[in-house]
Amino acid sequence: MLDLLETFATVVDHTSLNQAAKRLNISQPALSRQIGRLEQELDVQLFNRQGKRLELTKVGQMTYEFALDIRSRQLNFLKSIAAYKSEGLSTVTIGASLTTLQTTLPLFVEVFMQQCPDAQLKAVTGKTHEIISYVREKQVDFGLVADAIKEQGLVSIPLLSDHLMLVVPRTHDMAPLEQWKMTHLNALPMVLFSHGTWYRKLIDDLFRKHRIMPDIRMEIDSFEAIIRLLSTTQAVALLPKSYLRRASLEDNNLIAVDMEELKHTERVTSLVYAEQAPLGEALRLFMSEAAHRSESWNMDDLASS
């Protein structure tokens, strides 16, 4: 029943069978059957189904609170076991793609140090395909990449979803524009991320789709450098929302603009490791905890940090 309770709690957490099924990596019909089994074992109705909407019944709310309590107790127990087993844990190597280096990685380093305070953490950076190669060849214990990896022999846990935003200097002639559209980028001076990353490929595909020919002034492989150069060059940029910290925008006199066409540029940041990797209990616990915490994060939280 413990597995069924965890599945039920995941459905409530995501408020959607579809999203919960993706998180649990099972089909939606299989997930529905598991919820049905739990209702059958408890002999109660956990949800009121209003079309596609799920609303907890009173006993469903009681069951959810119990499931959260079980989850917390189990996690504390595993932490105790991991602390016992992790004595002498040496070095853990994490691979981080360039696009996660300045955004997601610091959050996970913080979680790692809380879970494994006596371990040494080593980070290896590179492009997404390089990090996946390191994971596949077990040169790193696990990787953080801005992509949804589907490859036999690798386990990919989705953590955060992200999309592009337009960044404009406050002093730019077009800064007062209330509703930006892709056509406004035609012939507009821009600073773009360098070739070889999924962000640049995504942007190039976007330009081809909307037949945009921007005036590319610079191509740089650092988000921070792009942020600093925009006001000086009076150019605009397309950058991932997860990188756009409010303080950084204010310090560089920039504004971030949501565009309807950019809402379809969603990308998932994933934690990836090899199925046959010799992961210790402490490391597995860390990855489980990191994935669990990521469910409560969103891009607005990251942007304000």
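Which residue forms a salt bridge with Glu6, and how far apart are the closest N and O atoms? In this predicted model, the partner is Arg71, with the closest N and O atoms 3.0 Å apart. The pair links distant parts of the chain. Arg71 lies in helix H4, which covers residues 58-85. Glu6 lies in helix H1, residues 2-14. The separation is 65 residues.

The two partners have their own solvent exposure. Arg71 has a relative accessibility of 13%, so Arg71 counts as buried. Glu6 has a relative accessible area of 29% and is therefore partly exposed. The Arg71–Glu6 bridge does not stand alone: Glu6, Asp13 and Arg71 are linked in a network of salt bridges. The structure holds 11 salt bridges.

Helix H4 also carries a salt bridge between Asp69 and Arg73. Here the N to O distance is 2.9 Å. Both residues lie in helix H4 and are 4 residues apart, about one turn of the helix. Asp69 is partly exposed, at a relative accessible area of 35%. Arg73 reaches 56% and is exposed, because the cut-off for that class is over 50%.

A further salt bridge joins Glu219 to Arg200, with the closest N and O atoms 2.8 Å apart. This pair, too, links distant parts of the chain. Glu219 belongs to strand E9, residues 215-220. Arg200 belongs to helix H8, residues 198-210. The two are 19 residues apart. Arg200 is buried, with a relative accessible area of 3%. Glu219 has a relative accessible area of 42% and is partly exposed.

Attention then turns to His172. This residue sits in the loop between strand E7 (164-169) and strand E8 (189-193). Is His172 buried or exposed? Its relative accessible area is 9%, and buried means under 20%, so His172 is buried. A polar atom of the His172 side chain lies 3.0 Å from the backbone nitrogen of Met174. Leaving aside residues up to four places away in sequence, His172 touches Leu188, Gln234 and Val236.

Conventions. Residues are numbered from 1 along each chain as its sequence is written. This is a predicted model: local features need pLDDT of at least 70, side-chain atom pairs count only at pLDDT 80 or more; totals for chains, interfaces and linings use all residues. Side-chain values use heavy atoms; hydrogens and water are left out. Buried means under 20% relative accessible area, exposed over 50%, partly exposed in between (1.4 Å probe, protein chains only). A polar contact is a pair of N or O atoms within 3.5 Å; within protein, one must be able to donate a hydrogen and the other to accept it, and residues adjacent in sequence count only if both atoms are side-chain atoms. Contact means heavy atoms within 4.5 Å. A salt bridge is a side-chain nitrogen of Lys or Arg within 4 Å of a carboxyl oxygen of Asp or Glu.
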